[in-house]
Every structure is written in structure tokens, then in C-alpha cells.
Amino acid sequence: MPPRRWIAHLDMDAFYASVELLRYPELQGRPVVIGGGRRHQPELQADGTRRFATLAGYAGRGVITTATYPARDLGVHSGMGLMKAALRAPQAVLLPVDFEQYRLYSRRFKAAVAEVAPVIEDRGIDEIYIDLTEHPGAQDAVAHDPLGGVRAVALDIKNNVKRATGLTCSIGVTPNKLLSKIASELDKPDGLTILTLDDLPSRIWPLPVRRINGIGPKAGAKLAALGIETVGQLAARDREELVQQFGRSYGAWLHEAAHGVDERPVVTFSEPVSMSRETTFDRDLHARRDKAELGAIFTRLAEQVAADLQRKGYVGRTIGIKLRFEDFKTVTRDMSLELPTADAATIRLAAGLCLKRVDLARRIRLLGVRVGSLQRAPGAGPAAPR
């Protein structure tokens with residue numbers, strides 16, 4: 001008989017905000033949002049204390065990257081515009097984004113997990129999947145707890161992450177990736193949720209359908225129009241009805257997802273196809289009137305992409321740009337080089353040539369630089385699992 005399948009999803013708790021609280025422990029317990037610019041850097045006072053910016057009076061188009069749980073209790077959350085958040089929580093502290101620091105802690109927590117359970121699928125800066133099926137002890141019962149073995153492994157992972165980073169994480173452990181992604185959210189923060197298929201009716205079916213990763217706003221609205229608000233209501237619908245309403249592939253997937261069916265494996269490594277950096281401006285910039293500021297930002301983005309490529313051991317032949325204008329229209333342009341590169345000056349030059357192919361009469365709100373068609377750099381060796 002094959003071992004019971006155990007897949008864990010680990011999600012760091014309010015990751016960016018939690019990293020900032022390590023740096024500014026005096027903000028523990030206070031509503032804090034991350035998403036400000038350089039002008040929102042805390043100021044050191046003469047008495048050694050820090051003066052923090054708040055959302056009160058914020059003007060600009062910034063967006064919340066993440067927020068502490070006390071801030072979420074006030075109705076602000078990631079993806080919300082900072083001006084809207086300022087109306088709900090003007091007293092919330094506003095901190096600038098520091099991606100270099102977040103990437104550092106991301107590497108630390110993943111290394112801490114790998115020390116305990118190395119079969120990892122990297123899903124981004126703050127989340128991973130872990131296959132615990134073959135992990136020693138994961139299939140064991142402990143005393144009267146039939147799930148005690150896998151529970152102990154998950155607790156070891158949580159404790160090792162805390163020891164290595166000072167941060168908490170939440171873990172969902174279920175028979176598959178789909179359910180584990182949901183489970184990791186059920187008992188946040190610092191949660192550990194272990195579910196079997198027998199728990200579907202009590203823990204999964206009462207949830208809104210949008211809690212299933214893969215059901216977006218449009219599908220959610222269409223399901224609501226059909227009277228389907230919860231996962232249980234979706235599970236109760238006939239498969240053929242869903243196929244008729246949503247098409248053969250997606251309709252069948254909806255039926256399977258509602259019943260907790262997901263056979264996707266944990267993929268321990270996949271080669272990246274591109275790397276990019278982009279930034280949204282606090283105010284719209286004009287190509288002519290703000291030429292110097294735009295040029296400096298453009299150069300910095302090219303340098304950041306080049307540094308990413310060099311650090312990870314890749315070069316690329318396709319250089320591209322992304323522009324979003326004041327009317328939210330987005331355009332992209334790219335070109336292919338004769339030889340692949342990870343050189344900042346070469347990337348900046350090619351990106352500049354791409355920029356010349358765009359009508360820059362409108363003001364710009366977002367600028368990005370991308371390098372694609374990646375391959376391993378000469379002498380870099382094989383890529384390490386992420």
C-alpha cells in the first residue's frame with residue numbers, strides 16, 4: 001500500500017511587514033503598512049527614538065504591499081491604494097518597501113526549511129510547497145494522534161524558520177497542493193492546520209469559492225450569478241452542468257477542486273524564462289519634462305536586472321521594456337541581441353532603443369525592464385534548485 005500523500009504549503013505571516021518589525025521592534029502591536037517611497041523612511045531623533053510617517057494626509061498613487069495584522073483589523077490590506085487606506089486608518093505607520101531585505105529573509109527561511117525537509121517547490125518570495133510524503137516519521141502515529149508524525153515534522157519546520165529568521169509562518173498540510181494552499185490561511189498567523197479529505201465538509205466546503213486558488217473575480221462573479229457562493233455549493237453541482245457553463249477543461253477542474261482533487265506534483269526546480277524589474281511612480285512622469293528623473297530610474301532598473309542575472313548565473317538575449325501610461329494603457333517593446341548578456345550597460349542601451357519605438361506623448365506611471373530568452377551563463381554551472 002503506497003504511503004499517504006502529505007503536501008505542505010508554508011506561507012510567511014505578513015512577510016514584508018514582519019521583516020520590518022524586526023528592524024523596528026517599537027512598532028510591535030501597531031498598525032503598519034508597507035508601500036511607501038523613500039520619503040517615508042523613518043527619521044532618527046536627537047533622543048535616539050525614531051519618527052515614523054503615517055498614512056494621515058498621504059497623497060499619491062502608492063499601493064499597499066502588505067500590512068500587519070493590527071492594520072488589517074482596521075480594514076486595510078495588500079493591493080489597496082494608500083489614499084484609500086489613509087481614510088480608513090490615518091494613524092497607521094507607513095514604511096517604504098525594501099526588497100533587498102525581504103529577499104535576504106526569503107533565502108534564510110527557505111534554507112531553514114530545507115534543513116528539515118528538502119523536497120521544496122519555490123512559489124515566490126514568501127511561500128513554498130513541501131512534499132512530506134517520504135519524510136522520515138511523517139507517516140507515523142504518535143500516541144493517540146494518527147497524524148502525530150506529520151504534525152511533528154511540520155512543527156520542526158516552523159521552529160526552524162523561527163530560529164533562523166525570528167519570523168513566524170503558517171503551514172497547511174493536506175493530501176495535495178490545492179487544499180494545502182487553502183489550509184495555510186485558515187489559522188493565521190503562526191498557524192498549523194492538518195486536514196484529510198474527511199475534513200472537506202467541515203473545514204473547506206463552508207468557505208467562499210474564491211478561497212480556491214484558480215477561481216478569480218470573473219469566475220467568482222459567474223458562480224455567484226448561478227447561486228454558488230461556497231465551495232460546498234460548488235461541490236453539490238453536477239459536473240456536466242459546470243462543463244456546460246464554464247467549458248470542458250475549466251468546468252471539470254471546478255468540479256474536481258470543490259471535491260479536493262489535485263494530483264499536481266511538487267516541482268523542485270524549473271528554469272526561469274525571464275527576469276524583470278519595474279516600478280510605479282508616486283506621480284506621473286513626462287518623458288521630456290522629467291527626462292533626468294526618468295533616465296536615472298531607467299538606469300537603476302537595468303542595473304537591478306543585471307545584478308539579478310549575475311547573482312543567479314543567467315544571461316539573456318531578449319531585452320524588453322514595459323510602460324504604463326496615465327490612462328492605464330500598457331505597452332511593451334523588445335529586441336533580440338546577437339549575444340546573450342547580463343551586463344547592465346548593454347541592457348540599458350538595448351532597453352533605450354526599445355523606448356525609442358514608443359510614442360511618449362502621454363505621461364508615464366510605470367516603467368519596467370525585462371531580460372528574456374535566458375540561458376545559464378558560461379562557467380555558472382548547473383542551476384541550483386530554488
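These legends describe close-up views of a predicted model.

**View 1. The three-stranded sheet is open.** Its strands come in the order 5-2-6, and the pairing is mixed. Strand 5 and strand 6 stand at the edges. Each has a single partner strand, so one side of each is left without a neighbour in the sheet. Strand 2 and strand 5 run antiparallel and are joined by two bridges. In one of the facing pairs, Ile34 stands opposite Thr66 of strand 5. Helix 1 packs on this sheet and touches strand 2, strand 5 and strand 6. The direction of helix 1 makes about 105° with that of strand 2.

**View 2. Thr66 sits in strand 5, which covers residues 66-67.** Is Thr66 buried or exposed? Thr66 counts as buried, because its relative accessibility is 7% and the cut-off for buried is under 20%. The side chain of Thr66 makes a polar contact of 3.3 Å with the side chain of Arg72. Beyond four places in sequence, Thr66 is in contact with Ala14, Tyr16, Ala17, Val32, Val33, Ile34, Arg72 and Ser78. Arg72 is thus on the contact list as well as in the polar contact. Ile34 is on the contact list too, and Ile34 is the residue that stands opposite Thr66.

**View 3. The five-stranded sheet is also open.** The order is 7-8-1-9-10, with mixed pairing. Which strands form the edges? They are strand 7 (120-122) and strand 10 (192-194), and each pairs on one side only. Neighbouring strands are turned by 15° against each other on average, direction ignored. Strand 9 and strand 10 run parallel, joined by three bridges. Within strand 10, Leu192 is the bridge partner of Ile171. Helix 4 packs on the sheet and touches strand 1, strand 7 and strand 8. The direction of helix 4 makes about 10° with that of strand 8.

**View 4. The largest nonpolar core has 39 residues.** Which residues have the most contacts inside it? They are Leu10, Val113, Ile130, Leu132, Ile157 and Val161. Both strands and helices contribute to this core. The strands that each supply at least two residues are strand 1 (7-12), strand 2 (32-36), strand 6 (93-96), strand 8 (127-131) and strand 9 (169-174). The helices that do so are helix 1 (15-23), helix 4 (99-116) and helix 5 (148-165). Apart from this core lies another, of 31 residues, among them Leu309, Tyr314, Ala350 and Val371.

**View 5. Ile130 is one of the residues with the most contacts inside the largest core.** Not counting residues up to four places away in sequence, Ile130 touches Trp6, Ile7, Ala8, Leu10, Val113, Ala117, Val119, Ile120, Ile157 and Val266. Leu10, Val113 and Ile157 are among these partners. Those three residues also have the most contacts inside the core, together with Ile130 and others.

**View 6. Helix 6 spans residues 177-186.** Eight of its 10 residues are buried, so helix 6 is largely enclosed by the rest of the structure. The buried residues are Lys177, Leu178, Leu179, Ser180, Ile182, Ala183, Ser184 and Leu186. At the start of the helix, a side-chain oxygen of Asn176 comes to within 3.3 Å of the backbone nitrogen of Leu178.

**View 7. Strand 12 pairs with strand 13 and strand 14.** How many bridges join strand 12 to strand 14 (residues 364-376)? There are 11, and the two strands run antiparallel. Here Lys322 stands opposite Gly368 of strand 14. Eight bridges join strand 12 to strand 13 (residues 330-341), again antiparallel. Here Arg324 stands opposite Thr330 of strand 13. Strand 12 and strand 13 form a hairpin, with four residues between them. In the turn, Phe328 has a positive phi of about 70°. Nine of the 12 residues of strand 12 are buried, so this strand is largely enclosed by the rest of the structure.

**View 8. Phe325 lies in strand 12, residues 314-325.** Phe325 counts as buried, at 0% relative accessibility. Leaving aside neighbours within four places in sequence, Phe325 is in contact with Val331, Val358, Asp359, Leu360, Arg362, Arg363, Ile364 and Arg365. Phe325 and Gly35 are 290 residues apart along the chain, and their C-alpha atoms are separated by 20 Å.

**View 9. Two cysteines are shown in a structure with zero disulfides.** Cys169 is buried, with a relative accessible area of 1%. Cys354 also counts as buried, at 0%.

Definitions and conventions: Residues are numbered from 1 along each chain as its sequence is written. This is a predicted model: local features need pLDDT of at least 70, side-chain atom pairs count only at pLDDT 80 or more; totals for chains, interfaces and linings use all residues. Side-chain values use heavy atoms; hydrogens and water are left out. Buried means under 20% relative accessible area, exposed over 50%, partly exposed in between (1.4 Å probe, protein chains only). A polar contact is a pair of N or O atoms within 3.5 Å; within protein, one must be able to donate a hydrogen and the other to accept it, and residues adjacent in sequence count only if both atoms are side-chain atoms. Contact means heavy atoms within 4.5 Å. A disulfide is a pair of cysteine sulfur atoms within 2.5 Å. A nonpolar core is a set of buried Ala, Val, Leu, Ile, Met, Phe, Trp, Tyr and Cys residues joined through side-chain atoms within 4.5 Å. Two strands pair if DSSP finds at least two bridges between them. Axes are lines fitted to C-alpha atoms, for helices over the stretch in contact, and angles run from 0 to 180 degrees between N-to-C directions.
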